[in-house]
Amino acid sequence: MRIKEIRTRVLRWRGKTIPLAPHFCTNPMDLMELSQASMRTFTFHEWLVVEVFTDDGQVGLGNAALAPQVTKRVIDLYLTPLLLGEDPWDVERLWQHMYRKTIAFGRKGIGMVAISAVDVALWDLLGKSAKQPVYRLLGGRTKARIPVYASRLYSTELRHLATESQRYKNEGYRAMKLRFGWGPADGATGMQRNVELVRTVRETVGDDIDIMADAYMGWTLDYAKRMLPLLEPFRLRWLEEPVIPDDVHGYAELKSFGQIPIAGGEHEFTLYGFRELLEARALDYIQFDTNRVGGLTQARKIAALAEAYSVPVIPHAGQMHNYHVVMSSFNSPMAEYFPMVDVEVGNELFWYIFQGEPRATEGYIDLDDNTPGLGLAIDEAGLKQFEVIE
């Protein structure tokens, strides 16, 4: 089996899009005090699909949501020439070749996202070639099914927030995550509004449901330190990305207080980045995204390293590439799950692009033992809602 072709397509959403309200979600742009909703900077209305074809008729499927057009160019110009004619079973050597070839410009960010998308496709190929689901290649089933938490509660009117959180409880979720709407530029009044968001969800769902809260890199260390005591009464399972990802010492300081567990890693890359976080004792939960961190080749190594530090891995986002990591790891107690809704931020687009994504039932998803690879296919009919950029 040899790689004979790599095809990349950027899909730009043309369907209905729900506009983002002010204070929809904190983010790093908030400190710029822009006149429009700053979360628009972090919308994902394009998606990259990567297909790796082999000479025996197999097709491996990978994807990426960060800067798809630029990521596509990295794959087309720098990665594809390295891979054509190669055996996909040499996945470790191929990963190292891609990494070392692009190391001058690709250690983190877009370069690593490109490698991740290709690597995910290679592992999909391996599973199909072996006629096994990918999680079996990673170690096998470690749980009967995967608990998932509903990840959808953005900052909105409190009555709407209460209704949505109650719906998730009624649907059987035992955990859910909300987003903060205010940051340092909003002063003490904004802090109280953040508290009201958390209080509303806690009072709605009660004490037997885990609640997590995400600042999405939108706070400063000073602001986070002031927020922690205000949030402590609500017993959050974790506070996610309170500061920008480069502030490793800030994460470590917040974790050292022991008031609320600290989560992060969605915007970190490779085994080396997570070694730094773990050595700094910076996180209580690791949240890499497999199609950003370096693909499954890196994800399995980071998961093993985190286990040695007794730090659980709960990947960012749902999607099959993350679910296979969770299924194969005792150190991954649950997974994130984006319910299917109308397109807002764009995190929802994978529902419109792929067939095979599992639907949550009573707060759980499962993977099929008899479906080889990752279990995904492109919904070619669904692509009619997209502009396809070859």
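1. Rings of Phe, Tyr and Trp count as a pair if their centres lie within 6.5 Å, with the six-membered ring used for Trp. With that in mind, look for W47, Y168, Y173, Y337, F350 and W351, which together form one aromatic cluster. Keep in mind as you read on that this is a predicted model.

2. How many aromatic pairs does the structure hold? The count is 16. One of them joins Y78 and F105, whose rings sit 5.0 Å apart, centre to centre, with 55° between the planes, so the pair is classed as tilted, a label for angles that are neither under 30 degrees nor over 60. Y78 belongs to helix α1 (residues 68-83) and F105 to helix α3 (residues 103-106), and the pair links distant parts of the chain, 27 residues apart. Y78 has a relative accessibility of 37%, so it counts as partly exposed. F105 is partly exposed too, with a relative accessible area of 43%.

3. Next, have a look at W238 and Y285. This aromatic pair is tilted as well, at 4.8 Å centre to centre and 50° between the planes. Because W238 lies in strand β7 (residues 238-240) and Y285 in strand β9 (residues 285-286), the pair ties together parts that are 47 residues apart in sequence. Are these two residues buried or exposed? Both W238 and Y285 are buried.

4. Two arginines are worth finding, since each has an aromatic ring for company. R145 lies over the face of Y364, and the distance to the ring centre is 3.6 Å. R179 does likewise with Y154, lying over its face at 4.6 Å from the ring centre.

5. Y154 and R179 come up again once you turn to the empty spaces. Rolling a probe the size of a water molecule over the atoms shows where empty space is left. Here, there are four cavities of 30 Å³ or more. The largest cavity has a volume of about 130 Å³. Its lining is made up of 16 residues, and Y154, R179, Y216, E266 and N347 lie nearest its centre. What classes of residue make up that lining? Seven are nonpolar, two are polar and seven are charged.

6. The second largest cavity comes to about 100 Å³ in volume. It is lined by 13 residues, with W47, A65, D289, R292 and Q319 closest to its centre. You have already met W47, as a member of the aromatic cluster. By class, this lining has seven nonpolar, four polar and two charged residues.

7. Now for helix α4, which takes in residues 110-130, 21 residues in total. From its first C-alpha to its last, α4 reaches 30 Å, close to the 30 Å expected at 1.5 Å a residue. Why call α4 largely enclosed by the rest of the structure? Because 17 of its 21 residues are buried, where buried means under 20% relative accessible area.

8. The stretch that follows α4 deserves a glance as well. Just after the helix, K131 takes a positive phi of about 60°. Q132 is in the loop between α4 and α5 (134-138). At 26% relative accessibility, Q132 counts as partly exposed. If you want a sense of distance, the C-alpha atoms of Q132 and F386 are separated by 32 Å, while along the chain these residues are 254 apart.

9. A317 and E362 also have positive phi values without being glycines. For A317, phi is near 75°. A317 sits in the loop between α12 (295-308) and α13 (320-327). Its relative accessible area is 5%, so A317 is buried. For E362, phi is about 55°, and this residue is in the loop between β11 (354-355) and β12 (364-365).

10. One last spot to check is T290, in helix α11 (residues 290-293). How far from H321 is T290 in space, C-alpha to C-alpha? The two are 6.3 Å apart, with their positions 31 residues apart in sequence. T290 has a relative accessible area of 0%, so it counts as buried.

Terms used: Residues are numbered from 1 along each chain as its sequence is written. This is a predicted model: local features need pLDDT of at least 70, side-chain atom pairs count only at pLDDT 80 or more; totals for chains, interfaces and linings use all residues. Side-chain values use heavy atoms; hydrogens and water are left out. Helices (H or I, at least four residues) and strands (E, at least two) are DSSP runs, numbered from the N terminus. The expected span of a helix is 1.5 Å times one less than its number of residues. Buried means under 20% relative accessible area, exposed over 50%, partly exposed in between (1.4 Å probe, protein chains only). On a 1 Å grid over the protein atoms alone, a cavity is a set of points where a 1.4 Å probe fits but cannot get out, and a pocket is an open set with protein on both sides within 12 Å along at least five of seven lines; lining residues have an atom within 4 Å of a point. Grid points are joined across faces, edges and corners, and a volume is the space filled by probe spheres set on the points. Ala, Val, Leu, Ile, Met, Phe, Trp, Tyr, Cys and Pro count as nonpolar, Asp, Glu, Lys and Arg as charged, and the others, Gly among them, as polar. A charge sits over a ring if NZ of Lys or CZ of Arg is within 6 Å of the ring centre and within 35 degrees of the ring normal.
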